[in-house]
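Trainee: I'm new to this one and would love a close look at a single part, with some help in connecting it to the rest. Could you walk me through it slowly?

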Amino acid sequence: MPTGFDFKKLRLLIKIYAVVQVGLIALLLYIALLFQANLGQLFWKSIIVTLVIQLVNFYPVNIFATREARREVASCAAGLTPEELKALRQQRLVGDVMKMAVFSFFIIFVYKAPVTPNIQANRFYQSLIFFNFILTYLSYFQCFNFAAKKEMKAKSEG
């Protein structure tokens, strides 16, 4: 069993995720301002619905991000056998496919979003889709960074 860990790559990944989070927050603010100007009172309803959806999504996103962080910390161990490396690669592939599936879901959802003759209703649906897309990925990045730092601390102490 490996005893040493080299967290150089993982620390870089955490920094990259932090920069991505800043970009997503800026994009979220920009889109929110656009929708606030166009939706009026429906804007607050879209915010409330988005928050409810995010509360439902948080648990699965947190579990997935924690699992991904544990895998990344495990891959930083020194002296891994080829079988362990292969298993970690397989887990990483499954995680990447899951992330692509969520991304594809949102792309398809944008494409197939209901179109009504009412412009306000269309904007309301679009705001829900965009807000949930951005907040889902923000939640993932934040949960991943938190779990990775926690795992790194536990491995370096123990």
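Mentor: Happy to, and let's begin on the surface, where L12, I16 and V20 form a nonpolar patch. Together these residues have about 240 Å² of accessible area. Please keep in mind that this is a predicted model. To place the patch, take V20, which sits in helix α1, the helix that spans residues 8–39. Is V20 buried, exposed or partly exposed? Its relative accessible area is 32%, and because partly exposed covers the range between 20% and 50%, V20 counts as partly exposed.

Now let's turn to a pair of other helices. Helix α2 covers residues 41–75 and packs with helix α4, which covers residues 119–157. Two packed helices are described by the angle between their axes and the distance between those axes. For α2 and α4, the angle is about 30° and the axes lie 6 Å apart. Angles under 35 degrees count as roughly parallel, so α2 and α4 are roughly parallel to each other. The crossing in which α2 passes α4 is right-handed.

Staying with α2, look for R71, which has a salt bridge to E68. The closest N and O atoms of R71 and E68 are 3.0 Å apart. Both residues belong to helix α2 and are three residues apart, about one turn of the helix. R71 also forms a salt bridge with E72, and here the closest N and O atoms are 2.5 Å apart.

Are these charged partners buried or exposed? Buried means under 20% relative accessible area, so R71, at 6%, is buried. E68 is buried too, with a relative accessibility of 4%, and E72 counts as buried at 13%.

Next, move to helix α3, residues 82–111, which holds both K99 and D96. K99 and D96 are three residues apart, about one turn of the helix, and they form a salt bridge whose closest N and O atoms are 3.5 Å apart. D96 has a relative accessibility of 34%, so it counts as partly exposed.

How do these pieces join up? E68, R71, E72, R92, D96 and K99 are linked in a network of salt bridges, so if you trace that network in the view, you will meet the pairs we have just visited. In total, the model has six salt bridges.

Technical notes:
Residues are numbered from 1 along each chain as its sequence is written. This is a predicted model: local features need pLDDT of at least 70, side-chain atom pairs count only at pLDDT 80 or more; totals for chains, interfaces and linings use all residues. Side-chain values use heavy atoms; hydrogens and water are left out. Patches are made of residues with over 30% relative accessible area and no salt bridge: like charges are joined within 9 Å, nonpolar side chains (Val, Leu, Ile, Met, Phe, Trp, Tyr) within 5 Å. Accessible areas come from the Shrake-Rupley method with a 1.4 Å probe; for residues, only the protein chains shown count as cover. A salt bridge is a side-chain nitrogen of Lys or Arg within 4 Å of a carboxyl oxygen of Asp or Glu. Helices (H or I, at least four residues) and strands (E, at least two) are DSSP runs, numbered from the N terminus. Buried means under 20% relative accessible area, exposed over 50%, partly exposed in between (1.4 Å probe, protein chains only). Axes are lines fitted to C-alpha atoms, for helices over the stretch in contact, and angles run from 0 to 180 degrees between N-to-C directions. Angles under 35 degrees count as roughly parallel, over 145 as roughly antiparallel, 65 to 115 as roughly perpendicular and the rest as oblique. A crossing is left-handed if the near helix is turned anticlockwise from the far one by less than a right angle, and right-handed if clockwise.
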